[in-house]
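Could you walk me through this structure in my viewer, one selection at a time? I would like to know what to click on next and what is there.

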Amino acid sequence: MTSPAAVTTAKRVELDINGTAAEVRAGLTTTLLTVLRDELHLTAAKRGCNQGVCGACTVEIDGVPMRACLSLAHGCVGRPVRTLEGMLETPCMQALQRSFAASGAFQCGFCTPGVLVAAHAFLTSDPNPDDAAIRQALSGNLCRCTGYAGIVAAVLSAAASLGATASEPAA
Ligand code: FES
Ligand code: FES
């Protein structure tokens with residue numbers, strides 16, 4: 001919830017969220033996570049630790065996975081923000097969603113949106129990763145249910161299916 005102090009100093013800011021201009025009110029200390037969840041009702045990014053540790057709030061800013069809980073809304077002006085909601089239809093995210101479901105790569109699911117955003121960025125930069133590279137790429141995303149083996153298997157499976165799709169002869 002937006003704090004009283006933040007409300008009194010709130011100013012209008014225009015942000016680029018998932019390719020759409022979004023005008024919000026934000027104080028100088030209002031985080032991107034607060035704006036996304038409390039003003040824009042984009043709730044995929046989760047408020048876990050709220051101090052930059054768990055990765056549950058991961059979104060892309062300028063194409064790079066970042067902690068929304070550590071990013072100030074005013075600091076995102078002029079920088080495209082993409083949340084999980086904005087990447088659900090990409091081939092990579094579709095493959096990840098299928099593989100996470102098939103592998104049962106979540107338990108409570110609280111960490112899953114942040115993991116998916118981080119995995120999406122990772123597979124975009126390294127489409128043919130091994131187990132160790134995936135663990136390294138997702139090392140900033142903590143899973144309190146400790147489902148890491150399933151998560152790594154799901155990302156490997158998504159990478160394999162994307163590679164298979166890319167190598168299919170054109171119809
Ligand atoms: S909620 Fe942002 S890193 Fe934990
Ligand atoms: S599935 Fe529960 S925190 Fe990761």
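Here is a tour of this predicted model, stop by stop.

**Stop 1: helix α4**

Start by selecting residues 112–125, which make up helix α4. If you measure between the C-alpha atoms at the two ends, you should get 20 Å. That agrees with expectation, because 14 residues at 1.5 Å a residue should span 20 Å.

How many of the 14 residues of α4 are buried? Twelve are, so the helix is mostly covered, with buried meaning under 20% relative accessible area. Colour the buried residues to see this: they are Thr112, Pro113, Gly114, Val115, Leu116, Val117, Ala118, Ala119, His120, Ala121, Phe122 and Leu123.

**Stop 2: Met66**

Keep Ala118 selected and add Met66, which sits in strand β4. The two are 52 residues apart along the chain, yet 8.8 Å separates their C-alpha atoms. Met66 itself is partly exposed, because its relative accessible area is 31%. Now show what surrounds this side chain. Leaving out residues up to four places away in sequence, Met66 touches Cys57, Thr58, Val59, Ile61, Ser71 and Arg79. Remember Arg79, since you will select it again shortly.

**Stop 3: helix α2**

Next, move to α2, residues 32–39. Which of its residues are buried? They are Leu32, Leu33, Thr34, Val35 and Leu36. Display the strands as well, and you will find these buried residues packing against β1 (11–17), β2 (20–26), β3 and β5 (81–82).

Zoom in on Thr34, one of the buried residues of α2. Thr34 counts as buried because its relative accessibility is 13%. Its side chain is joined to that of Arg47 by a polar contact of 3.1 Å.

Then step past the end of the helix to His41, which follows α2 and has a positive phi, near 60°. Carry on to Asn50, in the loop between α2 and β3 (58–61). Asn50 has a positive phi too, near 60°, in a residue other than glycine. At 39% relative accessibility, Asn50 counts as partly exposed.

**Stop 4: the salt bridges**

The structure holds four salt bridges, and this tour visits some of them.

- Select Glu23 and Arg12. Their closest N and O atoms are 3.3 Å apart. This pair links distant parts of the chain, with Glu23 in strand β2 and Arg12 in strand β1, eleven residues apart. Arg12 counts as exposed, because its relative accessibility is 55%.
- Select Glu60 and Arg82. Here the side chains meet in a salt bridge of 3.4 Å, N to O. Glu60 is in strand β3 and Arg82 in strand β5, so this pair ties together parts that are 22 residues apart in sequence. Is Glu60 buried or exposed? Glu60 counts as buried, at 6% relative accessibility, whereas Arg82 counts as partly exposed, at 27%.
- Select Asp62 and Arg79. Their side chains meet at 3.0 Å, N to O. Asp62 lies in the loop between β3 and β4, and Arg79 in the loop between β4 and β5, so the pair ties together parts that are 17 residues apart in sequence. Both ends count as partly exposed: Asp62 has a relative accessible area of 43%, and Arg79 is at 29% relative accessibility.

Before leaving Asp62, look at its backbone. What is its phi near? The value is near 55°, which is positive in a residue other than glycine. Arg79, its salt-bridge partner, is also one of the residues that Met66 touches, as you saw at the second stop.

**Stop 5: a nonpolar patch**

Finish by switching on the surface and selecting Val53, Leu142 and Tyr148. Together they form a nonpolar patch with about 240 Å² of accessible area. To place Leu142 along the chain, look in the loop between α5 (131–137) and α6 (148–167). Leu142 is partly exposed, because its relative accessible area is 40%.

Technical notes. Residues numbered from 1 in each chain as written. Chains lettered and ligands numbered in written order. Predicted model: local features only at pLDDT ≥ 70, side-chain atom pairs only at ≥ 80, totals over all residues. Heavy atoms only, no water. Patch = residues over 30% accessible without salt bridge, like charges linked within 9 Å, V, L, I, M, F, W, Y side chains within 5 Å. Areas by Shrake-Rupley, 256 points an atom, 1.4 Å probe, with all protein chains shown as cover. Helix = DSSP H or I, 4+ residues; strand = E, 2+ residues; numbered from the N terminus. Buried < 20%, exposed > 50% of the residue type's maximum accessible area, 1.4 Å probe, protein only. Polar contact = N/O pair within 3.5 Å; in protein donor to acceptor, adjacent residues only side chain to side chain. Expected span 1.5 Å × (residues − 1). Contact = heavy atoms within 4.5 Å.
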